[in-house]
Amino acid sequence: TACLLAGLRVVLVETTQVALDRGILAIHKNLEGALRRGKLTEDKFDATKADLKGELELIALDQVDLVIEAVFENMGVKKDIFVELDKICKPMAILASNTSYLDLDEIAGTTSRPKDVIGLHFFSPAHVMRLLEIVVGAETDQRVTATGFSLAKRLRKIGVKSGVCDGFIG
């Protein structure tokens, strides 16, 4: 929702159709709330909804510039996803984790491109809460860090840099 409201196109990937439908419905409800509050015009509402694409396979992310993984806090699951993202995503695509406390360097270590891995920890609900922890790993490239801060600004969030440590800042 936050990315859509900032004018970005979003590809939402889920593992089942039920979960995908639930996610899209939740996003549409958030956008409807923005419409009711006057934060979106009717035309902008329709255009914003059109910028959301739902998919059931990670391969749908093969041409995106930035992936934000947001699965539950399980290191094994996150590592498995990053192994797949490393294979699928184009060179220089930024691979971000929304992890709230897991070791980002360990996650980045599962890829052939740890320089492209960053933590973007959104507080819930992400489209409302203003803080965005930008977790910089041991090998995160400055370009990737700068992009994290640029994204925070575009999303109208307060980007706060963190290193890899237990619990980050939050």
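In which loop is the place of Met 92? Met 92 is placed in the loop between α4 and β4, in a model that is predicted. This briefing introduces the strands, the nonpolar cores, the salt bridges and several individual residues. Two nonpolar cores are described, the largest with 23 residues and another, apart from it, with 16. A search of the whole structure finds 9 salt bridges.

**Strands β3 and β4**

- Strand β3 spans residues 66-69, and its two faces differ in cover: Val 67 and Glu 69 form the covered face, while Leu 66 and Ile 68 form the uncovered one.
- As a general background, side chains in a regular strand alternate between the two faces of the sheet.
- Strand β4, residues 94-97, pairs with β3 in the parallel sense, over 4 bridges.
- Within this pairing, Ile 68 has Ala 96 of β4 as its bridge partner.
- Between the two strands the chain passes through helix α4 (residues 75-88), and the resulting β-α-β crossover is right-handed.

**Nonpolar cores**

- In soluble globular proteins, nonpolar side chains tend to be buried together.
- The largest nonpolar core has 23 residues, of which Leu 4, Leu 31, Ile 118, Leu 120, Leu 132, Ile 134 and Leu 155 touch the most other members.
- At least two residues of this core come from each of α1 (2-5), α2 (17-36), β4, β5 (117-122), β6 and α6.
- Leu 4 has contacts with Val 10, Ile 27, Leu 31, Thr 48, Asp 51 and Leu 52, when residues up to four places away in sequence are not counted.
- Another core lies apart from the largest one; its 16 residues include Leu 61, Ile 81, Leu 102 and Leu 104.

**Salt bridges**

- Side chains of opposite charge can pair when their charged atoms come close.
- Lys 90 and Asp 65 form a salt bridge through their side chains, with an N to O distance of 2.6 Å.
- Because Lys 90 lies in the loop between α4 and β4 and Asp 65 in the loop between β2 (52-55) and β3, this pair ties together parts that are 25 residues apart in sequence.
- Lys 90 is partly exposed, at a relative accessible area of 24%, whereas Asp 65 is exposed, at 53%.
- A salt bridge also joins Lys 78 and Glu 69, whose closest N and O atoms are 2.4 Å apart.
- Both Lys 78 and Glu 69 are buried, and Glu 69 belongs to the covered face of β3.
- These two residues are linked with Glu 73 in a network of salt bridges.
- In a further salt bridge, the side chains of Asp 116 and Lys 115 meet at 3.4 Å, N to O.
- Asp 116 is buried, with a relative accessibility of 2%, while Lys 115 is partly exposed, with 39%.

**Thr 140 and its surroundings**

- Thr 140 is located in the loop between β6 (131-135) and α6 (142-154).
- Thr 140 counts as buried because its relative accessibility is 12%, and the cut-off for buried is under 20%.
- The side chain of Thr 140 reaches two backbone atoms: the oxygen of Val 117 at 2.7 Å and the nitrogen of Gly 137 at 2.8 Å.
- Leaving aside residues up to four places away in sequence, Thr 140 touches Pro 114, Lys 115, Val 117, Ile 118 and Thr 145.
- Among these contacts of Thr 140, Ile 118 is a member of the largest nonpolar core, and Lys 115 takes part in the salt bridge with Asp 116.

**Backbone features in loops**

- The peptide bond joining Ser 124 and Pro 125 is cis, with omega at about -5°.
- Pro 125 is found in the loop between β5 and β6.
- Met 92 is a residue other than glycine with a positive phi, near 75°.
- Met 92 counts as exposed, at 51% relative accessibility; the cut-off for exposed is over 50%.
- Arg 156 likewise is not a glycine, yet its phi is positive, at about 60°.
- The loop between α6 and β7 (158-162) holds Arg 156, which is exposed, with a relative accessible area of 70%.

How values were computed:
Residues are numbered from 1 along each chain as its sequence is written. This is a predicted model: local features need pLDDT of at least 70, side-chain atom pairs count only at pLDDT 80 or more; totals for chains, interfaces and linings use all residues. Side-chain values use heavy atoms; hydrogens and water are left out. Buried means under 20% relative accessible area, exposed over 50%, partly exposed in between (1.4 Å probe, protein chains only). A polar contact is a pair of N or O atoms within 3.5 Å; within protein, one must be able to donate a hydrogen and the other to accept it, and residues adjacent in sequence count only if both atoms are side-chain atoms. Contact means heavy atoms within 4.5 Å. Two strands pair if DSSP finds at least two bridges between them. A crossover is right-handed if, with the strands pointing away from the viewer, the path from the first strand over the helix to the second runs clockwise. A nonpolar core is a set of buried Ala, Val, Leu, Ile, Met, Phe, Trp, Tyr and Cys residues joined through side-chain atoms within 4.5 Å. A salt bridge is a side-chain nitrogen of Lys or Arg within 4 Å of a carboxyl oxygen of Asp or Glu.
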